[in-house]
Amino acid sequence: MFQLISSFLSNRTFQVRFGSTLSMTKLLENGTPQGSVFSPVLFSMMINDLPNKITSTSTLYADDFCFWESGSDVTLLNQFCQRSLTKIFDKSMQMV
(Lines give C-alpha, C1' and ligand atoms only; values in the text may rest on other atoms or scores of the structure.)
Protein backbone atom coordinates (compact mmCIF):
# COMPACT_ATOMS: atom_id res chain seq x y z
CA MET A 1 0.00 0.00 0.00
CA PHE A 2 2.84 2.38 0.87
CA GLN A 3 4.42 1.84 -2.56
CA LEU A 4 1.10 2.58 -4.30
CA ILE A 5 0.59 5.83 -2.38
CA SER A 6 4.20 6.85 -2.89
CA SER A 7 4.09 6.36 -6.65
CA PHE A 8 0.70 8.12 -6.79
CA LEU A 9 2.15 11.25 -5.14
CA SER A 10 5.70 11.27 -6.54
CA ASN A 11 7.13 12.92 -9.64
CA ARG A 12 3.86 14.66 -10.66
CA THR A 13 4.08 17.48 -13.14
CA PHE A 14 1.68 20.02 -14.59
CA GLN A 15 1.36 22.59 -17.37
CA VAL A 16 -1.01 25.49 -17.91
CA ARG A 17 -2.64 26.27 -21.24
CA PHE A 18 -3.82 29.79 -22.01
CA GLY A 19 -5.37 29.92 -25.45
CA SER A 20 -2.85 28.22 -27.70
CA THR A 21 0.12 28.90 -25.40
CA LEU A 22 1.41 26.13 -23.16
CA SER A 23 3.56 26.89 -20.12
CA MET A 24 6.75 25.11 -19.16
CA THR A 25 6.31 21.85 -17.25
CA LYS A 26 6.58 22.29 -13.48
CA LEU A 27 7.04 19.68 -10.75
CA LEU A 28 4.32 19.50 -8.07
CA GLU A 29 6.03 19.69 -4.70
CA ASN A 30 3.02 18.85 -2.51
CA GLY A 31 -0.67 18.11 -2.53
CA THR A 32 -2.75 15.44 -4.16
CA PRO A 33 -3.96 15.29 -7.77
CA GLN A 34 -7.17 17.22 -8.32
CA GLY A 35 -10.10 15.13 -9.53
CA SER A 36 -8.74 11.82 -8.31
CA VAL A 37 -11.06 9.63 -6.25
CA PHE A 38 -8.11 8.73 -4.03
CA SER A 39 -7.11 12.34 -3.24
CA PRO A 40 -9.88 13.18 -0.73
CA VAL A 41 -9.16 9.94 1.14
CA LEU A 42 -5.46 10.78 1.45
CA PHE A 43 -6.23 14.36 2.44
CA SER A 44 -8.69 13.22 5.10
CA MET A 45 -6.14 10.79 6.50
CA MET A 46 -3.56 13.57 6.64
CA ILE A 47 -5.73 16.09 8.51
CA ASN A 48 -7.83 13.68 10.57
CA ASP A 49 -5.93 14.34 13.81
CA LEU A 50 -5.77 18.15 13.49
CA PRO A 51 -8.68 18.73 15.89
CA ASN A 52 -6.70 16.86 18.56
CA LYS A 53 -3.68 19.13 18.07
CA ILE A 54 -5.38 22.47 18.77
CA THR A 55 -7.43 23.96 21.58
CA SER A 56 -9.81 25.92 19.32
CA THR A 57 -13.24 24.53 18.49
CA SER A 58 -12.98 22.88 15.08
CA THR A 59 -14.73 20.74 12.51
CA LEU A 60 -13.80 18.51 9.56
CA TYR A 61 -16.05 18.06 6.56
CA ALA A 62 -15.00 16.23 3.38
CA ASP A 63 -11.80 18.02 2.36
CA ASP A 64 -12.25 21.09 4.59
CA PHE A 65 -11.01 21.96 8.04
CA CYS A 66 -12.25 24.93 10.04
CA PHE A 67 -11.55 26.23 13.54
CA TRP A 68 -12.89 29.22 15.42
CA GLU A 69 -12.97 31.09 18.69
CA SER A 70 -15.75 33.18 20.18
CA GLY A 71 -15.82 35.94 22.78
CA SER A 72 -15.69 39.69 23.18
CA ASP A 73 -11.94 40.34 23.56
CA VAL A 74 -10.62 40.53 20.00
CA THR A 75 -6.99 40.64 21.14
CA LEU A 76 -7.40 37.46 23.16
CA LEU A 77 -9.31 35.74 20.33
CA ASN A 78 -6.49 36.65 17.95
CA GLN A 79 -3.96 35.08 20.32
CA PHE A 80 -6.02 31.88 20.58
CA CYS A 81 -6.37 31.62 16.80
CA GLN A 82 -2.68 32.32 16.28
CA ARG A 83 -1.80 29.57 18.77
CA SER A 84 -3.91 27.08 16.79
CA LEU A 85 -2.42 28.24 13.47
CA THR A 86 1.08 27.81 14.87
CA LYS A 87 0.30 24.26 16.00
CA ILE A 88 -1.15 23.42 12.56
CA PHE A 89 1.91 24.89 10.85
CA ASP A 90 4.27 22.95 13.12
CA LYS A 91 2.39 19.72 12.37
CA SER A 92 2.55 20.35 8.62
CA MET A 93 6.30 21.02 8.80
CA GLN A 94 6.81 17.68 10.55
CA MET A 95 5.33 15.94 7.50
CA VAL A 96 7.75 17.50 5.02
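**View 1. Ser-39 has its place in helix H2, shown here with its contacts.** Helices (H or I, at least four residues) and strands (E, at least two) are DSSP runs, numbered from the N terminus. The model is a predicted one, in which local features need pLDDT of at least 70 and side-chain atom pairs count only at pLDDT 80 or more, whereas totals for chains, interfaces and linings use all residues. Residues are numbered from 1 along each chain as its sequence is written, and side-chain values use heavy atoms, with hydrogens and water left out. With a relative accessible area of 6%, Ser-39 is buried, a class that means under 20% relative accessible area, while exposed means over 50% and partly exposed lies in between (1.4 Å probe, protein chains only). When residues up to four places away in sequence are not counted, Ser-39 touches Phe-8, Thr-32 and Pro-33, contact meaning heavy atoms within 4.5 Å.

**View 2. The buried residues of helix H2 (residues 38-47) are Ser-39, Leu-42 and Ile-47.** These residues lie on the same side of H2, because they cover an arc of only 120 degrees around the axis, the arc being that of the directions from the helix axis to the C-beta atoms. What covers the buried residues of H2 includes two helices, H1 (2-9) and H3 (50-53), together with the strands S5 (57-61) and S6 (64-68).

**View 3. Leu-50 lies in helix H3 and, at 8% relative accessibility, counts as buried.** Leaving aside residues up to four places away in sequence, Leu-50 touches Phe-65, Ile-88 and Lys-91. The C-alpha atoms of Leu-50 and Cys-81 are separated by 14 Å, the two residues being 31 residues apart along the chain.

**View 4. Lys-53 forms a salt bridge with Asp-49, and the closest N and O atoms are 3.9 Å apart.** A salt bridge is defined as a side-chain nitrogen of Lys or Arg within 4 Å of a carboxyl oxygen of Asp or Glu, and by this rule the count comes to one salt bridge. Both partners count as partly exposed, Lys-53 at 41% relative accessibility and Asp-49 at 26%.

**View 5. Cys-66 and Cys-81 are shown with their sulfur atoms, which are 9.6 Å apart.** A disulfide is a pair of cysteine sulfur atoms within 2.5 Å, and by this rule the count comes to zero disulfides. The cysteine sulfur closest to that of Cys-66 belongs to Cys-81, and at 9.6 Å this sulfur is too far for a bond. Cys-66 counts as partly exposed at 40% relative accessibility, and Cys-81 is partly exposed with a relative accessible area of 23%.

**View 6. Phe-14, Val-16 and Leu-28 make a nonpolar surface patch of about 240 Å².** Patches are made of residues with over 30% relative accessible area and no salt bridge, where like charges are joined within 9 Å and nonpolar side chains (Val, Leu, Ile, Met, Phe, Trp, Tyr) within 5 Å. Accessible areas come from the Shrake-Rupley method with a 1.4 Å probe, and for residues only the protein chains shown count as cover. Leu-28 has its place in the loop between strand S4 (26-27) and H2, and at 36% relative accessibility Leu-28 counts as partly exposed.

**View 7. Asn-11 lies in the loop between H1 and strand S1 (13-14).** Although Asn-11 is not a glycine, Asn-11 has a positive phi of about 55 degrees. With a relative accessible area of 71%, Asn-11 is exposed.
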